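Student: Could you take me through the salt bridges in this one? I'd like a close look at who pairs with whom and how buried the partners are.

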Amino acid sequence: MKKKIITTLQNVALLLYAFYAIFPLLWLVILSFKHDREMFNTTFIFTPTLENYRALFSDGEYIGYFLDNIIVSFGAITLSIIVGVPAAYALARFDFKGREGIAFTFLSFRFAPEILVVLPLFLLYQELGLYDTYVGLIWVFQVLSLPLLIWILRGYFEDISVEVENAARLDGYSWWQVFMKIVMPLIRPGLVASALLSLIFVWNNFTFSLLLAGQDVTTTTVAMLQYVASDTVHYGQMAGAVLISSLPIIILALSIQKHLVRGLSMGSVKG
């Protein structure tokens, strides 16, 4: 009896915490269906409207912002994976002078405040013609996502016994075949987890998107400023824009939930 009471209390506590955690998202959904005049009314009883979503899609501009976000975010993550996987493997497998220093240098990119480097980057981009271009944003976003991906994958590569690779080489596999057919499937959970976390950081970035792009490339985070007028704030349209912008990350996280949980928890328990 006592055990059942404890279990019930635990379940109730978990439900309360889940409601507390998800309430901001629920409130965002409610705001997106409210008129601006009802924004400061906290009651849940109101007349829903689709006017906010009509305003978002009426001229097609928000769709363009959304596509810009997809291009620069997924482009940056793809480039980070292409560069980061071999870099993490090299840092895990090869013993060379300055290895730890190089690894820490990669990690230090995440320590540096964005505002500290954005002005030099702005001037550099102006000189190189990268300002307000997809290439410019993809390059700076992959610098943001690369350190996290390298550090997570390095741990996965180190957990794979080198004897597994040596045995495959003795069976006649080439190094490339060993890497693609044996090593890559073993690190897949870590790759999925690190790629998704990096995508979240890149997708939500505001500073670089605001200062290194202008009219030609505008991400959804910067587009939110358009709903702040001089005399009022269109909270309903902003809530709808935020909700739509959040959907790809939510759907992606739910679709790869098994790999994500395994990737974040794998290696936490040894032995």
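Tutor: Here is a walk through some of the salt bridges, pair by pair. Keep in mind that this is a predicted model. Searching the whole structure turns up 5 salt bridges, and I'll pick out a few of them.

Let's start with Arg93 and Glu165, whose closest N and O atoms sit 2.8 Å apart. This salt bridge ties together distant parts of the chain: Arg93 belongs to helix α3 (residues 61-93), while Glu165 belongs to helix α7 (residues 162-170), and the two are 72 residues apart. On the Glu165 side the relative accessible area is 7%, so that residue counts as buried.

Now move to Glu158, which pairs with Arg154 at 3.2 Å between the closest N and O atoms. Here both partners come from helix α6 (residues 134-159), and because they are 4 residues apart, about one helical turn separates Glu158 from Arg154. How buried or exposed is each of these two? Glu158 has a relative accessible area of 42%, so it is partly exposed. Arg154, at 8% relative accessibility, is buried. This pair also belongs to a wider network, in which salt bridges with shared partners join Arg154 and Glu158 to Arg99 and Glu100.

Within that network, the side chains of Arg99 and Glu100 form a salt bridge of their own, at 3.7 Å from N to O. Glu100 is partly exposed, since its relative accessible area is 43%.

How values were computed
Residues numbered from 1 in each chain as written. Predicted model: local features only at pLDDT ≥ 70, side-chain atom pairs only at ≥ 80, totals over all residues. Heavy atoms only, no water. Salt bridge = Lys/Arg side-chain N within 4 Å of Asp/Glu carboxyl O. Buried < 20%, exposed > 50% of the residue type's maximum accessible area, 1.4 Å probe, protein only.
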